[in-house]
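Me: I would like to go through this model by question and answer. Please keep the replies short.

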Amino acid sequence: MAKLTKQQVLDHIAHSGQKYDVIVLGGGPAGIGAALASAMCGAETCILEEKAFFGGVAAVSGWMPMNRVLLNGEMRGGVFTPFVEKLRSYGTGATRQGKTSWVDGDGLHIHPDYLRYGMIELFEDIGVRYRLHSPGTSAIMEGKRIIGVNCDGKYGHAEFYANVIIDASGDGDVAVSAGAEAMMGRDTDGAFMPVTLGFVISNVDYDRFYEYLGPEAVSPRFMDLMRKKEAEGYAVSGFYAFDKTTVPGVVSVNNSGQNGLGIINALNLDDLNVAERTGLQVAMDFIQIVHEEKIPGLENCELVRTGQALGVRETRRIRGDYVYDITDAQQGRSFPDAVLRRYGTVDTGGLKEEKNYHGSVQNGHDFPYRSLLPLGVEGMLIAGRCASQTHLGATTCKSMGNMMAMGQAAGVAAALSSQEGCTPRQLDVRKIQKKLHEMNAERF
Ligand SMILES: Cc1cc2nc3c(=O)[nH]c(=O)nc-3n(C[C@H](O)[C@H](O)[C@H](O)COP(=O)(O)OP(=O)(O)OC[C@H]3O[C@@H](n4cnc5c(N)ncnc54)[C@H](O)[C@@H]3O)c2cc1C
């Protein structure tokens, strides 16, 4: 690890008023993929992140398996190579290889603090300018073309300019400000995939606990018990999934938040307050229940901590030139403008109706470039969970590796557009495909 002086850090930071080839908004898996790819293609790149750290949900929620960052346990090429190599360079406490089955994972469990630090070092190595605590709040427009981004908040006003801007904020904040249309929730009732306050527990006797749980990803035996406890008045989640972390005896607990809250819209502040409060109680009640019930392997477990904030699975999906649907993934439809392949299956985060689609999609299906182009806006790409998809399309293969691959495609497209002096919509998609091939990332 390189120790830097104050000035050396400041030299890596993006400063207000500067112009770049490419700006990336949001430092989750999609934004990381976009920034790395753009810089690896030679573009002057800047990444702006609202929070105090990079990593998105993986850093917010505690340890998480970043699924499909590897494929069948192997490197995925492109941006994945420096990403995985950087994190592995920190030693055994930083990463742990998870499952390799296509349904359950292909995950790399990453210690959230190594992820936070590793992304900063990687941006410095590759030459990406970064800036934390910097939410993109609105678009700077010239007609229909976005030319910059305003960041307004408690630190005052800052503005950044670029030839191409990628909105990988998950919420599509700046895309909407630029005039793009937001699609929200499930068609039938407006429901979203759940928000979750993840939590982490220690002193777990793995062997006895996993034997008690049984082989299924969500243990029916454990859920039967939790439903009984819910009837007794405890705050209980719709599912619990347990992942071994990089630290011995420490397990992260994924869940879907307190049952029975109805629709939670993560862009509505009232709903967010409800979910933050009830999510905390789900974690506290979990500890009480497993102690009372003397769950094998959890008798001595303790709460290490909950996530830094809620993890959000779905808010705005920005309408693009093509709206990707689950039927495309079910049919394994091939797109002439494919720029990534997505692996895995449907993961609803606990929404019941959508669970019926689990396993119905083709593993390794095409995702088209047109779903990264926000309708009605020039000079912009969208990537990650705010890409152009139906609600069901968004439940499909949304694991972090696929989101990073989507960012990678957007980053390549942005860099090439900037270099060719055209907008992303004008760019010949075959050039993106060729570049991805050269990066050993994707072959079409
Ligand atoms: C609770 C939960 C559990 C999950 N479990 C898994 C799992 O086990 N394995 C797996 O592979 N996937 C999992 N997923 C799915 C995966 O985490 C998401 O699909 C993925 O993180 C989406 O990536 P993203 O970059 O689009 O969005 P996010 O990860 O949400 O990142 C968006 C980033 O943009 C930032 N941002 C927001 N607004 C702005 C703005 N205006 N300006 C600048 N920055 C902004 C945010 O702070 C954040 O850092 C889970 C998701 C959730 C919510």
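Me: In the hairpin of E9 and E10, which residue takes a positive phi?

Reply: This is a predicted model. Strand E9 (residues 138-142) and strand E10 (residues 145-153) run antiparallel and are joined by 5 bridges. Glu142 has Arg145 in E10 as its bridge partner. The hairpin has 2 residues between the strands, and the one with a positive phi, near 65 degrees, is Gly143.

Me: Which residue in E11 is the bridge partner of Gly153?

Reply: E10 also pairs with strand E11 (residues 156-167), in the antiparallel sense and over 6 bridges. A hairpin of 2 residues connects E10 to E11. The bridge partner of Gly153 in E11 is Gly156.

Me: Which helix gives the most residues to the largest nonpolar core?

Reply: The largest nonpolar core has 79 residues, and those that touch the most other members are Phe83, Phe123, Ile166, Tyr369, Leu372, Leu381 and Ile432. The greatest contribution to this core, 12 residues, comes from the helix spanning residues 400-420, H12.

Me: How many residues are in the other core that lies apart from it?

Reply: The largest core includes Leu372 among the members that touch the most others. Beyond four places in sequence, Leu372 is in contact with residues including Val339, Phe367, Met406, Ala409 and Ala410. Phe199, Phe222, Ile295 and Leu298 are among the members of another core, which lies apart from the largest one. The number of residues in that other core is 27.

Me: Which residue has a polar side-chain atom 2.7 Å from a nitrogen atom of the ligand?

Reply: The residues closest to the ligand are Glu49, Pro65, Asp173, Lys398 and Met400. Pro65 has a polar backbone atom 2.7 Å from a ligand nitrogen atom. The polar side-chain atom at 2.7 Å from a ligand nitrogen belongs to Asp173.

Me: What percentage of the area that the ligand exposes when taken alone does the protein bury?

Reply: An oxygen atom of the ligand lies 2.9 Å from a polar backbone atom of Arg385. Taken alone, the ligand exposes 1000 Å². The share of this area that the protein buries is 95%.

Me: Which element gives the largest share of the shell around the ligand?

Reply: The ligand is surrounded by 32 residues. Helix H2 (29-40), strand E3 (64-67), strand E18 (311-312) and H12 are the elements that give two or more residues to the shell. The largest share, 4 residues, comes from E3.

Note on methods. Residues are numbered from 1 along each chain as its sequence is written. This is a predicted model: local features need pLDDT of at least 70, side-chain atom pairs count only at pLDDT 80 or more; totals for chains, interfaces and linings use all residues. Side-chain values use heavy atoms; hydrogens and water are left out. A nonpolar core is a set of buried Ala, Val, Leu, Ile, Met, Phe, Trp, Tyr and Cys residues joined through side-chain atoms within 4.5 Å. Buried means under 20% relative accessible area, exposed over 50%, partly exposed in between (1.4 Å probe, protein chains only). Contact means heavy atoms within 4.5 Å. Two strands pair if DSSP finds at least two bridges between them. A residue is near a molecule or strand if one of its heavy atoms lies within 4 Å of it. A polar contact is a pair of N or O atoms within 3.5 Å; within protein, one must be able to donate a hydrogen and the other to accept it, and residues adjacent in sequence count only if both atoms are side-chain atoms. Accessible areas come from the Shrake-Rupley method with a 1.4 Å probe; for residues, only the protein chains shown count as cover.
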